[in-house]
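The following report describes selected features of a structural model. Please consult the sequence and coordinates shown here alongside the text.

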Amino acid sequence: MRRNRPMLGTFVELWIEEDLHINPEQMAFNQEIGNVVYQQMEKVQALMSSHDKSSEIAQLNRLSKTVPGIVFTLHPWTYEVFMIAQRVFAETGGVFDCGVGQYSPSYPSKSDQLQDSGIGSIDLLENYQIRLNQRLQIDLGGIAKGYAVDRGIEVLKNFEIKNALINAGGDLRIIGGIEQSIYLKESLYRDAYIYMGKLKDGAVATSSTRFGRDNKKGGMSYLINPKTGECIEDDLSYSIVAPTCVVADCLTKALAIEKNIHAPYFETFGAIPIIVE
Amino acid sequence: MQWHSPSYLAVICLVTTAPLGQVFAKQYLSVDEVKQVIFSGEVFTKIDIEVPELIKEKMRKESGVRYAYQQKHIWKSSQGSWLLIDEVVGKHEMITYAVGINNKGQIHGVEILEYNESYGEQIREKKWLEQFKGRAATEPLRFNQEIKNITGATLSSKHVTNGVQRLMVLYREYLSRT
């Protein structure tokens, strides 16, 4: 079964392997499983989108600017994403930081930029509570899509689906015993693909400065170095193969910024970095 | 996790690029399937109506979608739900999508039926094809089967979002009043 829904700003493809002799009831049931997968992924979007003013992230960005030291209770999923983000932040020495929202071209006030801090300034407490110590401009754009894919995969596992794949605009994860060929789209404007390799039971994510430039805002790339606030302006593709999609998604940013395939954090997370010229 | 790359090199150079010498379509759901996926158990009847030019103009203005509305698929269920199927042009490709609207006038589901990665003009251009001559691919590319696991390009779904908007204008201004 193959499905595709516009979601998370891109197209989310879902594939569930079906037996050639599948009966209509099982087919209908698989479609229902697909609906549940998409529902869970939509929930991630509703919780974590920084564009949506009613999301938890938008709320806590606003709250952090009112009362210093405010304690905020998060949805367990958002809390989990914060835990992962802080761990990747720590392991990469601050190279991955989802507190770079203030550098975004759409951020309202340039003079406020340096006052806002990143993910490292948040204290994670018990019972899904967090303490916001400083002004924040969190943007989970570099991690939430990968996390959404993992949530979708969890649904498939709970339904005991054997072989399946979710691809959210290039952040993809595969479960089961089938080896899948992975291709890298070489250009947005040409139909050319680079064969990257075969993946079984794992995830791939890619960040690239080739596409996705915000042309309306002067052609900036969307990858930002959190230490300098500067955009990454090269013409390379940075891919990570990892056990989970959330880790793959985060680490593509660290790879794009440091361009160091020998960085120790890749091994820590069981990840394989790939730079394509 | 298991990963086999052609060389295990961390840096892959651009030697295995292959062009897609054909237009291929990705089929996800059929018209019959999408009804069940969005509105399980409801029975739909096809509605044949000619959408007035005035309404079409409103749809164009509010959504910004200039590609003409084809009005081929308008379905209504006995429970008062609507299922509308439409096409928009993405960056370069045709996308067929369905919008389910429940009897309260709310969006109940959006699904992609078909995604045609047709890069028409560029593919037919000889010069473009020639640049790939002599390049060896390490892996046979059986596109309809193999090319499905693509990383690296976040295709924006904005055109579909605009398309959904135009169908909601159609519903608000016309279908809900008939």
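Two strands pair if DSSP finds at least two bridges between them. Helices (H or I, at least four residues) and strands (E, at least two) are DSSP runs, numbered from the N terminus. The model is predicted: local features need pLDDT of at least 70, side-chain atom pairs count only at pLDDT 80 or more, and totals for chains, interfaces and linings use all residues. Residues are numbered from 1 along each chain as its sequence is written, and chains are lettered from A and ligands numbered from 1 in the order in which they are written.

In chain A, three strands form an open, antiparallel sheet in the order S3-S5-S4. Its edge strands, S3 and S4 of chain A, each pair on one side only. Neighbouring strands are turned by 25° against each other on average, direction ignored; the axes are lines fitted to C-alpha atoms, with angles from 0 to 180 degrees between N-to-C directions, and for helices the fit covers the stretch in contact. Three bridges join S4(A) to S5(A) in the antiparallel sense, and Asp123(A) lies opposite Arg131(A) of S5(A).

| Strand | Residues |
|---|---|
| S3(A) | residues 70-73 |
| S4(A) | residues 122-124 |
| S5(A) | residues 129-132 |

Chain B contains six helices and 10 strands. Of its 178 residues, 31% are buried, meaning that 20 or more other C-beta atoms lie within 10 Å of the residue's own (exposed: 12 or fewer; partly exposed: in between), with C-beta atoms placed from the backbone.
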